[in-house]
Amino acid sequence: MGAQDWNVEGAPALREVEAGQPDLREASASPTLEQRGATWNPAKDLGAHFSRPISENTARAYAGDWKQFDAWCREHGRSSFPASGETVAKYLKSRGVRAASTALDFADAGTGVPPKRFYAVNTLVRWVSAINVLHRQAGHPPPGATTDVKNVLASARRLNSEVPRRMQPVFLRELRRALGLIDMNTHPAAIRGHRDWAILVLGFAGGFQRSELAALTFGDIQLGDPLGIRLWIRTARTVQMGRTASKLLPFGKSPDTCPACALLRWTRLLHYIRDRKLIEVEVFLLGVSLSKHICREPQLELQTFDQKSPVLRSLRRGGHVQDTRISDDVVNDVVKLRLKAAGMDPKRYGAHSLRSGFIAEALRGGHPYRAIMLQTDHISSVALDHGQRDSHSYRNPVLDLGV
């Protein structure tokens, strides 16, 4: 895949290089210490020429990682751009890792005292990735590929071996239990209930990433497919690849978990509550039924919305709907809150639990990887291997040993 020009939408700090400052796309000589002052940050051009997609959240994280590294280098009189492998290795050692047993190997430079704040190995790896990415964009060799840095990361892994933390998948039975506790008829709780219901069902059935859900607009809703409602997905990842992806919200079997119905119940409510008196809204909510499909009925109200306006919106207390879209974090909070109400440990679940739950259920149902990847928009099947283990759809060979 060829490199694509793109900008991280909604992140002005990453969109362009400040006037009069070096541009990574044209950088050929190493910047001086004066040029490398507080006003210049190569992360401002992050994403200009990526050869593979990264998400908006990853771009933000890389920019923050670079800012910390550059500040450390200025404090210690070292060059951050281009950086040597020795510099990056010392930076990682100075920051330390999570285990205090690292002793002198990860001690603050020259003191022999382990640092007070420790970081997980995955955090160190991300820092190195950010540094490597910015160097590659300017044609410099990535310092993270040097032996010095590799040795530091290898030592960190040995000293901090731990079970990787992954969010538990939400299975359909658990999703139904959580949905069954949501108030869909009483104002004002039902306003939040309809929105949260849509988040949970769409997130599960669409295999959505939370950023995709938060970014949905009314212009993304496409009617007319005989199988369901199609949603166009426009995120930093798909834009950079020069395409838009679509996901089908099928007309489900059960009206309570039908993803098309969940979406349309929320959009109908949004349409109805505009300029309505409170008593009218209360009567409308009391009449909402989850026992019948509405997904095949005419959806004339969708034509009344601005095509650029967000579908899933922020709420204030009292059920007041805002014109602004929800943030990614709201999706995560909704999942935790609703699953906690259903008796599940919120620490074990998050927004990704909906996506991984869909994958696990689909694998359990015998669906091929290719079909699942078309819905989740995965590029590689590696992520689906975790879902295979979670789905319990295979027979463990231990059972055939007679133990």
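Student: Why does serine 356 count as buried?

Tutor: Buried means under 20% relative accessible area, exposed means over 50%, and partly exposed lies in between, using a 1.4 Å probe and protein chains only. The relative accessibility of serine 356 is 10%, which falls under that 20% limit, so the residue counts as buried.

Student: What kind of model do these values come from?

Tutor: This is a predicted model, in which local features need pLDDT of at least 70 and side-chain atom pairs count only at pLDDT 80 or more, while totals for chains, interfaces and linings use all residues. Residues are numbered from 1 along each chain as its sequence is written, and side-chain values use heavy atoms, with hydrogens and water left out.

Student: Where does serine 356 lie, and which residues does serine 356 touch?

Tutor: Serine 356 is placed in helix H13, residues 352-364; helices (H or I, at least four residues) and strands (E, at least two) are DSSP runs, numbered from the N terminus. Contact means heavy atoms within 4.5 Å, and once residues up to four places away in sequence are set aside, serine 356 touches Met167, Gln168 and Pro169. Glycine 357 also lies in helix H13, and its relative accessibility of 0% makes it buried. With neighbours within four places in sequence left aside, glycine 357 is in contact with Pro169, Val170 and Phe204, and its C-alpha is 8.0 Å from that of glutamine 168, although 189 residues separate the two in sequence.

Student: What makes lysine 93 partly exposed?

Tutor: Lysine 93, in helix H3, has a relative accessible area of 31%, and because that value is neither under 20% nor over 50%, the residue is partly exposed.

Student: How do you know that the rings of tryptophan 66 and phenylalanine 81 form a pair, and which type is it?

Tutor: Rings of Phe, Tyr and Trp (its six-membered ring) pair if their centres lie within 6.5 Å, and planes under 30 degrees apart count as stacked, over 60 as edge-to-face and the rest as tilted. A search of the whole structure finds 8 such aromatic pairs. In the one formed by tryptophan 66 and phenylalanine 81, the centres are 6.1 Å apart and the planes meet at 85°, so the pair is edge-to-face. It joins distant parts of the chain, with tryptophan 66 in helix H2 (residues 56-75) and phenylalanine 81 in the loop between H2 and helix H3 (85-95), 15 residues apart. Tryptophan 66 and phenylalanine 81 are both buried.

Student: Why is the pair of tyrosine 91 and tryptophan 127 called tilted?

Tutor: Its planes stand at 45° and its centres are 5.5 Å apart, and because that angle is neither under 30 degrees nor over 60, the pair is tilted. Tyrosine 91 belongs to helix H3 and tryptophan 127 to helix H4 (residues 121-137), 36 residues apart, and both are buried. Ring pairs link these residues into a cluster that includes Trp66, Phe69 and Trp72.

Student: What makes lysine 247 a charge over the ring of phenylalanine 208?

Tutor: A charge sits over a ring if NZ of Lys or CZ of Arg is within 6 Å of the ring centre and within 35 degrees of the ring normal. The charged end of lysine 247 is placed 4.5 Å from the centre of the ring of phenylalanine 208 and sits over it. Arginine 274 likewise lies over the face of phenylalanine 305, at 4.6 Å from the ring centre.

Student: How do you know that the length of helix H10 agrees with its number of residues?

Tutor: The expected span of a helix is 1.5 Å times one less than its number of residues. For the 15 residues of H10 (residues 259-273) this gives 21 Å, and the end C-alpha atoms are 22 Å apart, which agrees. Of those 15 residues 13 are buried, so H10 is largely enclosed by the rest of the structure.

Student: Why is cysteine 295 in no disulfide?

Tutor: A disulfide is a pair of cysteine sulfur atoms within 2.5 Å, and by this rule the count comes to 0. The nearest cysteine sulfur to that of cysteine 295 belongs to cysteine 261 and is 3.7 Å away, so the limit of 2.5 Å is not met. Cysteine 295 is buried, at 7% relative accessibility.
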